[in-house]
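Colleague: Before I plan anything at the bench, could you take me through this model and explain the reasoning behind each point?

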Amino acid sequence: MEAAKVLDAKGLACPMPVVRTKKAIAEINAGEILEVHTTDKGSKSDLTAWAKSGGHELVKEAEEGDVFKFWIKKA
């Protein structure tokens, strides 16, 4: 999947992955994809809820070892 921007939020605890995601998504255009990498287990529910509340689309999520990856399409 082609991401316009990749955010490395590994090693950050809640709420920082969401805070950094919010900042990063502001830097891309509507319809573009932001790829987020995090190691915080809580980010799965946090980023899903945040994307939905902002009208963004969580296109895909994956888990690779201890890294959670999310692809969010900006509204």
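**Strand pairing and a helix face**

Modeller: Leu58 stands opposite Ile72 in strand 4, and since this is a predicted model, please read what follows in that light.

Colleague: How many bridges join strand 3 and strand 4, and in which sense do they pair?

Modeller: Strand 3 covers residues 57-64, and the pair of Leu58 with Ile72 in strand 4 is one place where residues stand opposite each other. The two strands pair in the antiparallel sense, and the number of bridges is seven.

Colleague: Which residue takes a positive phi in the hairpin of strand 3 and strand 4?

Modeller: The hairpin has two residues between the strands. A positive phi near 65° is found there at Gly65.

Colleague: Which residue stands opposite Phe68 in strand 4?

Modeller: Strand 4 also runs antiparallel to strand 2, residues 33-38, and six bridges join them. Opposite Phe68 stands Thr38.

Colleague: Is strand 4 mostly covered or mostly exposed, and how many of its residues are buried?

Modeller: Strand 4 spans residues 67-73 and is mostly covered. Taking buried as under 20% relative accessible area, the count for its seven residues is six.

Colleague: Why do the buried residues of helix 1 lie on the same side, and which elements do they pack against?

Modeller: The buried residues of helix 1, residues 16-25, are Pro17, Val18, Thr21, Ala24 and Ile25. They lie on the same side because they cover an arc of only 125° around the axis. On the other side of helix 1, Lys22 and Lys23 are exposed. The buried residues pack against strand 1, strand 2, helix 2 and strand 4.

Notes: Residues numbered from 1 in each chain as written. Predicted model: local features only at pLDDT ≥ 70, side-chain atom pairs only at ≥ 80, totals over all residues. Heavy atoms only, no water. Buried < 20%, exposed > 50% of the residue type's maximum accessible area, 1.4 Å probe, protein only. Helix = DSSP H or I, 4+ residues; strand = E, 2+ residues; numbered from the N terminus. Pairing = 2+ DSSP bridges. Arc of directions from axis to C-beta. Contact = heavy atoms within 4.5 Å.
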